[in-house]
Amino acid sequence: MTDLTANIEKLNGYLSRFRDTGIQNLIGGQTRPALSSATFETTSPVDESLICTVARGGAADIDAAAAAAKAAFPAWRDMPALERKKILHNIADGIVARAEEIAFCECWDTGQALRFMSKAALRGAENFRFFADKVTAARDGQQLQSPTLMNVTTRVPIGPVGVITPWNTPFMLSTWKIAPALAAGCTVVHKPAEFSPLTARILAEIAHEAGLPDGVWNLVNGFGEDAGKALTEHPDIRAIAFVGESKTGSMIMKQGADTLKRVHFELGGKNPVVVFEDADLDRALDAAIFMIYSLNGERCTSSSRLLVQDTIAEEFEAKLIERVNNIKVGHPLDPATEVGPLIHKVHFDKVTSYFDIARTDGATVAAGGERVGDTGWFVRPTLFTGADQSMTIANEEIFGPVLTAIRFATEDEALEIANGTEYGLTGYVWTQDITRALRFTDKLEAGMIWVNSENVRHLPTPFGGVKASGIGRDGGDWSFEFYMEQKHIGFALGQHSIPRLGA
Ligand code: NAD
């Protein structure tokens, strides 16, 4: 039996429960269908086969979930920190125990390759452990003495929050949002992406088995325009943590205006990897390839624009073409696969439309630029060369295994190109000249930058983007700034004189 055959057999074991019962919502600790009884179907991008039906929640389900989150909030907020910490560690243990099931389901539901998904499941557990260990300090404040008052600050959880997640690495991203919310003392209504509902259900189950009280974590499946919209408009939901496209973020901001919703947005990117002639070119090549072709290029932090200095461009691009043509496209559960199918036909149509756009723009399709096979949403890893920053392919987020290479002559020109998009999520700079690295990163418009490195996450550091790439930061204490409110209390130190009106 090959590894792939064995993995498919295991997958069928994991999927049988979904096939039998479909995916239901979880509201107030109860597994339930949508109140309207509506469902939708989720299919696999590998072969377009039906995985299962999913409850299609709407405004009524969101209302029930928000009521459950509101009712559960006081007890969860007031639970001793050490007890909350223990439950969050139990969730991490539960994720580790079911990591293979999570990874296999995620691969089948999203098309991501197993080599990356097994790590993503474990990163989800790390997110819970990291924030579990921060629970005991979450409410710590300051003492700010004035002549007449002892002023103290404390932090309190904001209340029930809505979490809306996308279909790319949905399991890991859900944990990245929900773990700090729970650690802060908030209760949650989670609306996962309609294209990838499987692992959100597993995660909510793990949380309840770990001892999370009913109503603290509610799951409502459904579409953005009904369940998602209702969540952003609900008066009992104090804040929305959203990960997704920039234009959806803009819609959510409008939808949340009437209820003055606090928002935290992690949005799109068109991130540059800038390679100067003095860089360690072998390492830069590895990193540039990894950061766009791993995770199918369906990754907000992907380096989708390669900016390469013209003195080394020809050689660098030649090596790149050879490597890109060698990338293994295949079944996501095959351990050898490096790139799996794109999430869905809708997204496949979007990504492949750029092959013609590139040609019309006047760029060269130097590798890929075509579908692989005629079943499932597989595309050949693609490289556009001869591009410039005025082209559509250099500005729009393609969100697939597609890299646009642009040449530059000088550092100033590289900076102008790098900053020449509406986005500002990440940047990657390759140079041995430390002064140049400092100068360049200082001016580069991005929330996160790595020098001589691919993206390596460190949980205490701030994660987020500038410009159209986001509002707010996750990670470390920054997450608590979103999920908590600062409170000031002034205690009189004595009987200072108070102005007497009407005396
Ligand atoms: P999307 O914006 O289409 O959908 C994201 C979520 O929003 C889904 O759950 C969807 O149902 C919901 N939604 C859609 N319309 C809504 C509305 N009107 N009101 C409320 N909710 C609504 O994004 P996607 O295609 O699922 O994900 C890919 C995008 O996410 C890319 O742009 C990517 O860059 C971005 N992303 C960003 C980060 C980051 O950290 N910056 C991380 C991952 C993904």
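## The largest pocket

Let's start with a lining: the largest pocket is walled by 14 nonpolar, ten polar and nine charged residues. Keep in mind that this is a predicted model. The space inside this pocket comes to about 880 Å³. Its lining counts 33 residues, and those closest to the centre are Trp 167, Glu 194, Gly 244, Glu 245 and Thr 248.

Where do the lining residues come from? Helices α8 (224–233), α9 (246–255) and α12 (345–361) each chip in at least two, and so does strand β10 (239–243). Domain 1 (3–267 + 469–487) and domain 2 (272–451) each provide at least three residues of this lining.

## The second largest pocket

Next comes a pocket of about 530 Å³, the second largest. It has 23 lining residues, with Arg 123, Met 172, Leu 295, Arg 299 and Arg 457 closest to the centre. Two or more lining residues come from each of α5 (114–132) and α6 (170–184), and α5 gives the largest share, with five. By class, the lining splits into eleven nonpolar, six polar and six charged residues.

Why does the second largest pocket lie between domain 1 and domain 2? Because both of these domains give residues to its lining.

## A seven-stranded sheet

Now for the strands. Seven of them make an open, mixed sheet, running β14-β15-β16-β13-β12-β17-β18. At the edges sit β14 (364–367) and β18 (448–451), each paired on one side only. Neighbouring strands are turned by 20° against each other on average, direction ignored.

Strand β17 (residues 426–430) runs parallel to β18, with four bridges between them, and Thr 426 stands opposite Met 448 of β18. Helix α14 (residues 434–443) packs on the sheet, where it touches β12 (272–275), β17 and β18. The direction of α14 makes about 165° with that of β18.

Terms used
Residues are numbered from 1 along each chain as its sequence is written. This is a predicted model: local features need pLDDT of at least 70, side-chain atom pairs count only at pLDDT 80 or more; totals for chains, interfaces and linings use all residues. Side-chain values use heavy atoms; hydrogens and water are left out. Two strands pair if DSSP finds at least two bridges between them. Axes are lines fitted to C-alpha atoms, for helices over the stretch in contact, and angles run from 0 to 180 degrees between N-to-C directions. Contact means heavy atoms within 4.5 Å. On a 1 Å grid over the protein atoms alone, a cavity is a set of points where a 1.4 Å probe fits but cannot get out, and a pocket is an open set with protein on both sides within 12 Å along at least five of seven lines; lining residues have an atom within 4 Å of a point. Grid points are joined across faces, edges and corners, and a volume is the space filled by probe spheres set on the points. Ala, Val, Leu, Ile, Met, Phe, Trp, Tyr, Cys and Pro count as nonpolar, Asp, Glu, Lys and Arg as charged, and the others, Gly among them, as polar. Domain bounds come from an automatic or database domain assignment.
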